[in-house]
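Reader: I would like to learn how to read a protein model, feature by feature. Could you take me through one?

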Amino acid sequence: MTGVLQDVTATRRLEARQRQAEMLFRIAAQATGVGIWELGPGPDDIWVDESFRAMAALPADSAYGYADLLHGVVHPDDRARVDAATQAALGASGDAEIDIEARLVGVTDRRKRWIALKGRRIVGI
């Protein structure tokens, strides 16, 4: 048998730091009550955390794509503006931001909420 050895100490340290940073981020998000979302490259490639689900009154086991959330959660009077801002950020070359206020209508409770929607497109990750 022939084999190789490789020192992976630095990689293990980086992985531990990453886990710690993710844990601190989750704690900060929970403490401040913000909802977190991530929109990927595909039309149904969206992830939302539990705080986002609570603000939008989404059922816990539900799956939604971008269009589902836009048409099912964003107030009808705000949809075009939210979509235009999102598409502009996605279509920009390089990093781009979205920073608008809009109304949500809860899926299960139909309650209207004003939210500040902020996000940043990050290229190269």
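Author: Happy to; we will go through a helix, some salt bridges, a surface patch and a few single residues. Please keep in mind that this is a predicted model.

Reader: Let's begin with helix 4. What span should its 13 residues have, and how far apart are its end C-alpha atoms?

Author: A helix can be checked against a rise of 1.5 Å a residue. Helix 4 covers residues 79-91, so the expected span is 18 Å. Its end C-alpha atoms are 18 Å apart, which agrees.

Reader: Good. Which residues of helix 4 are buried?

Author: Start with the general idea: an α-helix has 3.6 residues a turn, so residues three or four places apart point the same way. Here, the buried residues of helix 4 are Val-82, Thr-86 and Ala-89. They cover an arc of only 65 degrees around the axis, which puts them on the same side of helix 4.

Reader: And which residues are exposed on the other side of helix 4?

Author: Those are Ala-80, Ala-88 and Gly-91.

Reader: What do the buried residues of helix 4 pack against?

Author: Their partners are strand 1 (37-39), helix 3 (66-72), strand 3 (96-105) and strand 4 (112-121).

Reader: Can we look at one residue of strand 1? What does Leu-39 touch?

Author: Leu-39 lies in strand 1. Not counting residues up to four places away in sequence, Leu-39 touches Asp-45, Ile-46, Tyr-66, Thr-86 and Leu-90. You have already met Thr-86, one of the buried residues of helix 4. Sequence distance and spatial distance can also be set side by side: Leu-39 and Gly-119 are 80 residues apart in sequence, and their C-alpha atoms are 9.5 Å apart in space.

Reader: On to charges. How many salt bridges are there?

Author: The rule asks for a side-chain nitrogen of Lys or Arg within 4 Å of a carboxyl oxygen of Asp or Glu. By this rule the count comes to five salt bridges.

Reader: Which residues does Asp-78 form salt bridges with?

Author: One is Arg-81, with the closest N and O atoms 3.3 Å apart. Another is Arg-103, where the closest N and O atoms are 3.0 Å apart. This second pair links distant parts of the chain, 25 residues apart: Asp-78 is in the loop between helix 3 and helix 4, and Arg-103 is in strand 3. Taken together, Asp-78, Arg-81 and Arg-103 are linked in a network of salt bridges.

Reader: Are Asp-78 and Arg-81 buried, or partly exposed?

Author: The cut-off for buried is under 20% relative accessible area. Asp-78 has a relative accessible area of 4%, so it is buried. Arg-81, with 39%, is partly exposed.

Reader: How far apart are the closest N and O atoms of Glu-97 and Arg-120?

Author: In that salt bridge they are 2.1 Å apart. Glu-97 lies in strand 3 and Arg-120 in strand 4, so the pair ties together parts that are 23 residues apart in sequence. Both Glu-97 and Arg-120 are exposed.

Reader: What about His-75: buried or exposed?

Author: His-75 counts as buried, at 10% relative accessibility. Its place is the loop between helix 3 and helix 4. Leaving aside residues up to four places away in sequence, His-75 touches Arg-103, Leu-104, Val-105 and Lys-112.

Reader: Now the surface. Which residues form a nonpolar patch there?

Author: Met-23, Leu-24 and Ile-27 do, with about 270 Å² of accessible area together. Leu-24 is found in helix 1 (residues 9-32). With a relative accessible area of 48%, Leu-24 is partly exposed.

Reader: Last, backbone angles. What is phi of Ala-57 and of Arg-110?

Author: For a backbone check, look for positive phi in residues other than glycine. Phi of Ala-57 is near 50 degrees, a positive value, and phi of Arg-110 is near 55 degrees, also positive. Ala-57 sits in the loop between helix 2 (50-55) and helix 3, and is buried at 8% relative accessible area. Arg-110 belongs to the loop between strand 3 and strand 4 and counts as exposed, at 52% relative accessibility. Apart from neighbours within four places in sequence, Arg-110 is in contact with Gly-72 and Val-105.

Key
Residues are numbered from 1 along each chain as its sequence is written. This is a predicted model: local features need pLDDT of at least 70, side-chain atom pairs count only at pLDDT 80 or more; totals for chains, interfaces and linings use all residues. Side-chain values use heavy atoms; hydrogens and water are left out. Helices (H or I, at least four residues) and strands (E, at least two) are DSSP runs, numbered from the N terminus. The expected span of a helix is 1.5 Å times one less than its number of residues. Buried means under 20% relative accessible area, exposed over 50%, partly exposed in between (1.4 Å probe, protein chains only). The arc is that of the directions from the helix axis to the C-beta atoms. Contact means heavy atoms within 4.5 Å. Patches are made of residues with over 30% relative accessible area and no salt bridge: like charges are joined within 9 Å, nonpolar side chains (Val, Leu, Ile, Met, Phe, Trp, Tyr) within 5 Å. Accessible areas come from the Shrake-Rupley method with a 1.4 Å probe; for residues, only the protein chains shown count as cover.
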